[in-house]
Amino acid sequence: MEFFKNIKPFTIILFAVILLLFILTDFVFFAAGFDYSLIWKLIDLLFFSGFLALTIPSIKTSIYSKVISTSKFAWKFYDNTKFLFYLLLFFLAYFCAYFVINFFVGSNYLKLFDKEIHLVFFIVISFSLVISQLVWLSNMKRKGTKNLIFRFLIFIVFFTIVMLINFFFFPELEQYENAKIIDTFFSLLGVVLIFFGFRIKNWIAISSPYIIKRLILYSIFMIVSFIIILNLDYQTQKGLYLSNFMFFHLTKVMSAIFLFNYLRVFYLSAISLPLAKIVEQKVYEVNSLSYLTKVARNFNKLEDICNVITELSYNSMNRSPSILIFNEGNSFEIKSVYGFELSSNDKEIYAFLKNINFGEIKTSIIYNSLDSLENVRFSNSSHSLPFQSICILPIFVRDRLFGNLIVGNSSEQFFDEDDLNLLSSFVETLSVAIENHFLINDTIEKEKYLKELRIAREIQLSFLPKELPKTDLIEISSFIQPSEEVGGDFYDFIKISDSRLIVLIGDVSGKGLGAAFYMALLKGIFFSLSKNIETAKDFLIKVNSSLFYKIDRQIHITITALLLDFEKGEVEVVRAGHLPMLVNSGNTTSVVKTSGIGISLVKTSFFAKKLESQILTIANGDYLILFTDGLVEILGRRDINNGIEKLKQIVQNEVYNNPKELVEKVIEDVKRNGTNFDDDATLLVLKVKNLSLTKVNNYDREAINQ
Amino acid sequence: MTEKLSISSQKAEEQVEIISLKGILDAHSAPELEKFLSDTISNGTLYLLFNLKELDYISSAGLGVFMAFIEDLRNRGGDIKFAELNEKIYSIFELLGFHLIYDIVSTNNEAVELFKQKKLRTNE
């Protein structure tokens, strides 16, 4: 009923005028007793009605769209209901007129004018032809045939001028002579139109089947109409033949030309029709893919793109209902449906989907009959659904089954490989879109995480001593190269007295923010223990008992503690799972490797039992070199032992005058090995100097080793 | 030196699993091993023997993985042992003090035998 709403006042007026015209014509015909047999009359009427039903709307369209500027095909304005409406309307009008005239008039007193009135009929047809051709031409304009249109228009103008001259200036001239002139022009026009006709195949072939069907119908009517027109000739009551009138010639010549063109149109349309269906399908597929790509590139919610997928599947699979689900383990969630109402079919759909084992469907698959399903189990209840064949396409995102697209059709053997390929490309686009969606979310998450990491990093670096202890007895230089992520290297100094100094170096290893947190904890423990330190070993044992069972087992803390006693000229070395240290005394560099387990790994009693303490004598000019695994891993290219060896060589062979220079030498080497640090790299170099006090000889080792 | 860590395991006895590690065990490959171990342990395995014959490198983060499980296993009567450590790997164990925490044996059979004895003791 939509159609009737769209009828505009203009259409009604146009109908009224045309109807009146035909009623008048027939009134005149029948009153004049024109002897048609009824059946021929009806056939005649049918074709003329059809002809007008096809031409009138195009005239209307041409007027609406300002004639030449129209850019759409006149045929696009047709649809089946519209055509039938016009056809029935005209036919009924004729039929009614026939009976009305017979009923009311019944006599033949108007017979005198019958042939002349018939001329009016031809005039109407001529003009409608000219206008419809104009519309056609204007439509052709966008197909790049401007020259043709121009030539055609020249002919029209020229023809009009000649006609007017004949009418107004030479009324006495034999009509037949005029007709000859017009014939000549129209023959030329015919040549142009025939040439023009060769071009039509281009656009017919690429038109949609809908337009082509219209064209076939249109051309059949036109062809029959023109054949009828071409065979007409009447002698008027005054003894003149219609062929003596120029309008008649106009009509005949036009009809011949049009007949040729419409034969071509009919032929081309008929042969393009099967192809057009395929072309249309492909055009739709390409369009839908490009549309989908556009949507996939820019969407806010996953639901939006899911809805697009089901809609496209529905339309491209000849209106097959489509369901998109997301799987989660063994359960699923219906994300989008198209082609049916979910609420009314709820239970059936769920029962149907529950019986499919989606986990087993690894590739896109067609089931062209529900009975033939092998690895998909259906209960009998599923047959209450209108599906006889289905396609199931798994959606994989990051190699994980994310969801499925299910397209069903009510007929068996419906889907083929091409359908599957198209649906697969939909699904692939979808999976890329989903993946992008997650990537974006991941990126946002990662940004947040990195920001937190930076903060943690800053906190962590703030735990390092702001400045190295200033003392005349020892010279210290340090280097720390923080890694991209949070590492856990640290060093610290605790001054016990003027002559006793604790030096700590360590590594808190663990993932993410944890390391920074434990470093804060360690710093606090160091601080609380600093008041009461007897030996380095004792210190580490206390650290272990403070931390054991209190920290995440994934966190691994290693510490080397030195207790420098300048009064005695000794250093106590304890190593809790940390890398050994280097001592350079005189010209020899040695590795000090005491035994010990990392902090908080084992019970304090066991930890203490295995923690070995070693006392070294130090002299002026001795270097103590402490480092973390990050540093030696870089130096040894991931091999700690090589790294230690390399560092030892540098310490032994390079020339340096103070810790700072030694640190620089090592950094040079580190930089040479790469700048991309997986782990923190820390180096601490101490140089003993100004040891003036005499050493205490009877040092009680046992006291330390307790 | 292969870049990745490859893990293969084989059941030697009821509750005893021999796990062979190959490649590099560092901070990058540690999560992989961690997942593998938590799966293995949740399957009821109490005794883990790691054969490190083909392990090229281990970092402290890699060693941390074992620490995450040892406590739990030992509390339940299980244990972790290592077999066939090459010199390089052993030196890292030694540097970090891990040789003090774990039993290190020379062959798989030796370890399995030790596990058996321990199992008997636990069952008694």
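**A bridge, an interface and a cavity**

Visitor: How many salt bridges does the rule find across the interface of chain A and chain B?
Guide: Keep in mind that this is a predicted model. To count here, a side-chain nitrogen of Lys or Arg has to sit within 4 Å of a carboxyl oxygen of Asp or Glu. Across the interface of chain A and chain B, the number of salt bridges found that way is 1.

Visitor: Which residue of chain B forms a salt bridge with Lys593(A)?
Guide: The closest N and O atoms of the pair are 3.9 Å apart, and the cut-off is 4 Å, so the pair counts. The partner of Lys593(A) is Glu94(B).

Visitor: And which helix gives the most to the side of chain A that touches chain B?
Guide: Three helices of chain A each supply at least two residues there: H15 (604-610), H16 (629-635) and H17 (640-653). The top contribution is 3 residues, and it comes from H17(A).

Visitor: How many charged residues does that side of chain A have?
Guide: Splitting that side by class gives 9 nonpolar and 9 polar residues. The charged ones number 10.

Visitor: What area do chain A and chain B bury between them?
Guide: On the contact count, 28 residues of chain A meet 23 residues of chain B. Carbon and sulfur atoms carry 52% of the buried area. The total for the two chains is about 2200 Å².

Visitor: Let's go to the second largest cavity. Which element gives the largest share of its lining?
Guide: That cavity holds about 70 Å³ of space. Its lining includes Phe490(A), Tyr491(A), Met519(A), Leu522(A) and Phe526(A). Two elements of chain A give two or more residues each, strand S7 (489-495) and helix H13 (514-529). The largest share, 4 residues, comes from H13(A).

Visitor: How many nonpolar residues are in the lining of that second largest cavity?
Guide: Polar residues are absent from the lining, and 2 residues are charged. The nonpolar count is 7.

Visitor: One last spot: what distance separates the C-alpha atoms of Asn673(A) and Arg637(A)?
Guide: Asn673(A) is in the loop between helix H18 (659-672) and strand S15 (681-688) of chain A. Beyond its neighbours within four places in sequence, Asn673(A) touches Ile634(A), Leu635(A), Arg637(A) and Lys646(A). Asn673(A) and Arg637(A) are 36 residues apart along the chain, yet the separation of their C-alpha atoms is 7.3 Å.

Conventions. Residues are numbered from 1 along each chain as its sequence is written. Chains are lettered from A and ligands numbered from 1 in the order in which they are written. This is a predicted model: local features need pLDDT of at least 70, side-chain atom pairs count only at pLDDT 80 or more; totals for chains, interfaces and linings use all residues. Side-chain values use heavy atoms; hydrogens and water are left out. On a 1 Å grid over the protein atoms alone, a cavity is a set of points where a 1.4 Å probe fits but cannot get out, and a pocket is an open set with protein on both sides within 12 Å along at least five of seven lines; lining residues have an atom within 4 Å of a point. Grid points are joined across faces, edges and corners, and a volume is the space filled by probe spheres set on the points. Ala, Val, Leu, Ile, Met, Phe, Trp, Tyr, Cys and Pro count as nonpolar, Asp, Glu, Lys and Arg as charged, and the others, Gly among them, as polar. Contact means heavy atoms within 4.5 Å. Buried area is the accessible area (1.4 Å probe) that two parts lose on being put together, summed over both.
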